[in-house]
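Me: I should like to learn how to read helix packing in a model of this kind. Please take me through the features one at a time.

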Amino acid sequence: MLQSTRVLLWRAGAIVSLALGLMGLAVPVVPTVPFLIVAAWAAGKGWPALERWLLAHPTYGPHIRNWRERGAVPRKAKLLAITMMSVSGVGLQFTEAALWLKIAAPALMLAVAIWLWLRPEP
């Protein structure tokens, strides 16, 4: 019973991640590939057929495989992500958000941007 519960939870995680990735196709600010990477990872734990399908997908499969094999992110994706984080960080400064948030969020985004930029490229 415990094993079947684990499989169901991994499958649920894969479905939720896949749904978020599909939502990213329609909503420009939601990233698609990172959610598909998570979906493939979760599917690998409890739904091998879905994992195989994601890895073989003609559009997104290469991105997932590049991430798995080398942790690689295309330069175009890096630039887009860093640009969006920069715009968000600047925009946050013009809101009524708390001071700690106006400092912490851009600092976190800067750390992520540096990490992302240092990732290898396919």
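Me: Which residues in α1 meet which residues in α2?

Reply: This is a predicted model. On the α1 side, the residues in contact are V7, W10, R11, G13, A14, S17, L18, L20 and G21. They meet F35, L36, V38, A39, W41, A42, A43, K45 and G46 in α2. Sorted by class, this contact has 12 nonpolar, four polar and two charged residues.

Me: How is the geometry of such a pair described, and at what angle do the axes of α1 and α2 cross?

Reply: Two packed helices are described by the angle between their axes and by the distance between those axes. Here, helix α1 covers residues 2-26 and helix α2 covers residues 33-46; their axes come within 8 Å and cross at roughly 160 degrees. Because angles over 145 degrees count as roughly antiparallel, α1 is roughly antiparallel to α2. The crossing of the two helices is left-handed.

Me: Which residues is R11 in contact with, leaving aside its neighbours within four places in sequence?

Reply: R11, which is found in helix α1, is in contact with G46 and W47 once those neighbours are set aside. The C-alpha atoms of R11 and A42 are separated by 6.8 Å, although the two residues lie 31 apart along the chain.

Me: Is R11 buried, partly exposed or exposed?

Reply: The reading rests on relative accessible area: buried means under 20%, exposed means over 50%, and partly exposed lies in between. R11 has a relative accessible area of 32%, so it is partly exposed.

Me: How do α2 and α3 cross, and which residues meet there?

Reply: The same two descriptors apply, namely the angle between the axes and the distance between them. The axes of α2 and α3 come within 7 Å and cross at roughly 145 degrees, and this crossing is left-handed. From α2, L36, A39, A40, A43, G44 and G46 meet P48, L50, E51 and L54 of α3. By class, that contact has seven nonpolar, two polar and one charged residues.

Me: L36 is in helix α2; is L36 buried or exposed?

Reply: L36 has a relative accessibility of 5%, and therefore counts as buried. Beyond its neighbours within four places in sequence, L36 is in contact with L18, G21, L54, Y60 and I64. The C-alpha atoms of L36 and H63, residues 27 apart along the chain, are separated by 9.2 Å.

Me: Which residues of α4 are buried, and what do they pack against?

Reply: Helix α4 spans residues 61-70, and within it G61, I64 and N66 are buried. The buried residues of α4 pack against α2 and against α3, which covers 48-56. Just after α4, G71 adopts a positive phi of about 65 degrees.

Me: How many helices and strands does the whole chain have?

Reply: The protein chain has six helices and zero strands, giving the pattern α-α-α-α-α-α along the sequence. Its C-alpha trace spans about 50 × 35 × 25 Å along the principal axes. Of the 122 residues, 27% are buried.

Me: How are the contacts distributed along the sequence, and what area does the chain expose?

Reply: Among contacts between residues at least 6 apart in sequence, 57% join residues at least 24 apart. The chain exposes about 8,200 Å², of which carbon and sulfur atoms supply 73%.

Key. Residues are numbered from 1 along each chain as its sequence is written. This is a predicted model: local features need pLDDT of at least 70, side-chain atom pairs count only at pLDDT 80 or more; totals for chains, interfaces and linings use all residues. Side-chain values use heavy atoms; hydrogens and water are left out. Axes are lines fitted to C-alpha atoms, for helices over the stretch in contact, and angles run from 0 to 180 degrees between N-to-C directions. Helices (H or I, at least four residues) and strands (E, at least two) are DSSP runs, numbered from the N terminus. Angles under 35 degrees count as roughly parallel, over 145 as roughly antiparallel, 65 to 115 as roughly perpendicular and the rest as oblique. A crossing is left-handed if the near helix is turned anticlockwise from the far one by less than a right angle, and right-handed if clockwise. Contact means heavy atoms within 4.5 Å. Ala, Val, Leu, Ile, Met, Phe, Trp, Tyr, Cys and Pro count as nonpolar, Asp, Glu, Lys and Arg as charged, and the others, Gly among them, as polar. Buried means under 20% relative accessible area, exposed over 50%, partly exposed in between (1.4 Å probe, protein chains only). Accessible areas come from the Shrake-Rupley method with a 1.4 Å probe; for residues, only the protein chains shown count as cover.
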